[in-house]
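Dear colleague,

I am handing over the structure we spoke about, and I would be glad if you could look through it at your own pace. My notes on what was found follow below it.

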Amino acid sequence: MKIPEKLKWKATGKVLGQGGQGVVHEVINKDEQNGKKYALKALSKGKPLEAYQRFYREIKAIKELNHPNIIKIFDHSNEGYDFNYYVMESIEEADTLGKLLQKEESPFLRNVLKSLNLFRQLAMVIKKCESVNVVHRDLSPANILILPDETIKVIDFGICQIEGQETITLVDENIGTPNYRAPECEFGGVGKISSKSDIYSAGKIFWSAITGLNAFAREKPLFNSASMRVMYPDQPELWHLHHIFARTVRSDPDERSSADEAVYLSDKIRDAVANGYPPLELMINTCPICGLGKLERDRQAHRFFAGNTPKGIAVYICAYCGNVLTRNEEVFLERLKSRQTLE
């Protein structure tokens, strides 16, 4: 697809991306002498009306969002033009998360704090989208650029939805990337598509960043065979991440967090990991205070309760530091069980 001579944009000959709806060319601005590179996305000709409507909705959404973690647009055509395009920033040293995950040196692989930072940035993007009623609908590793400092840029709002406006969907189309899209985004899916659809995708992306693997279908594996506890038995700090997955990768949107809650939760988990708090599974037998001693059940717990131990309460003493702990055994064991039965 040739860029019209009348435009100030000139192709360098490098194609940055290509898909069913169009091509992304690397371009320079004829009016600039510094040779700075940009990316021009051009919509292929002969597309159905819905494709053009969707293209201009994408332009409108990106311009309104104006967020440091969302790609910027510098120029674009208007509806009715023969050549439909927009020009966005191009970051030569950046790579998509999808490509990065294929490399052994991915900075996120089994790195809980870096992966949490990635998730938090995604949650902030979704929060910004919420503020202008935009749903991305296709968050996936392929649509996230990673800069050298591990800052992210979300790209490709090509199938975004603006809440309150009519959905633009092509015939028999699944919305989003397989295994990353929320159930309600699948063809024939039931339920409202909202920012919680993006929260679902963010949870799947988070899992992929940590594991270096492509996401799985559905939700249940994340809480048993693909859980952090099963996959990484030697890295208990990763087990804390269950709390995020339990509020993102859920089939029922009502069981997913808002973007605000996702930011808060990522900060809480980061603090728990940074301060060395043990995950729930390790608190069965290990002292959560010193992290060293074995917990031993005190069979004379009545001493601490004036001879009347409350129902369900157990008392433990750390064999190393000597601290005495009480816990409600029923609640504790129920929490442990629930971590493996979610879906």
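A94 sits in the loop that runs between β5 (85-89) and β6 (95-96). Please keep in mind throughout that this is a predicted model. With a relative accessibility of 15%, A94 counts as buried, because the cut-off for that class is under 20%. If the neighbours within four places in sequence are left aside, A94 is in contact with L145, I146 and L147. As for A123, which is 29 residues from A94 in sequence, the two C-alpha atoms are 20 Å apart in space.

A second loop residue that I would point out is R256, which is found between α6 (242-245) and α7 (259-274). Is R256 buried or exposed? R256 has a relative accessibility of 0% and therefore counts as buried. Its side chain makes a polar contact, at 2.8 Å, with the side chain of E184, and a polar atom of the R256 side chain also lies 3.3 Å from the backbone oxygen of S251. Not counting residues up to four places away in sequence, R256 touches a set of residues that includes A182, P183, K196, Y200 and R247, besides the E184 and S251 already mentioned.

Turning to the nonpolar interior, the largest core has 75 residues, and the members that touch the most others are F157, M228, L241 and F245. Helix α3, covering residues 112-131, gives the most to this core, with nine residues. One of those well-connected members, M228, is in contact with W207, I210, T211, P233, L238, W239, L241 and F245, once neighbours within four places in sequence are left aside. Apart from this core lies another, of 10 residues, with W9, Y38, L40 and Y85 among them.

For the protein chain as a whole, there are eight helices and 13 strands, and 47% of the 343 residues count as buried. The C-alpha atoms fill a box of roughly 90 × 45 × 30 Å along the principal axes. Of the contacts with a separation of 6 or more, 57% are accounted for by residues 24 or more positions apart. The accessible surface comes to about 17,300 Å², and 49% of that surface belongs to carbon and sulfur atoms. Finally, the chain carries 46 positive and 45 negative side chains, with the centres of the two sets lying 2 Å apart.

With kind regards

Conventions: Residues are numbered from 1 along each chain as its sequence is written. This is a predicted model: local features need pLDDT of at least 70, side-chain atom pairs count only at pLDDT 80 or more; totals for chains, interfaces and linings use all residues. Side-chain values use heavy atoms; hydrogens and water are left out. A nonpolar core is a set of buried Ala, Val, Leu, Ile, Met, Phe, Trp, Tyr and Cys residues joined through side-chain atoms within 4.5 Å. Buried means under 20% relative accessible area, exposed over 50%, partly exposed in between (1.4 Å probe, protein chains only). Helices (H or I, at least four residues) and strands (E, at least two) are DSSP runs, numbered from the N terminus. Contact means heavy atoms within 4.5 Å. Accessible areas come from the Shrake-Rupley method with a 1.4 Å probe; for residues, only the protein chains shown count as cover. Lys and Arg count as positive and Asp and Glu as negative; His and the chain ends are not counted. The place of a charge is taken as NZ of Lys, CZ of Arg, CG of Asp or CD of Glu. A polar contact is a pair of N or O atoms within 3.5 Å; within protein, one must be able to donate a hydrogen and the other to accept it, and residues adjacent in sequence count only if both atoms are side-chain atoms.
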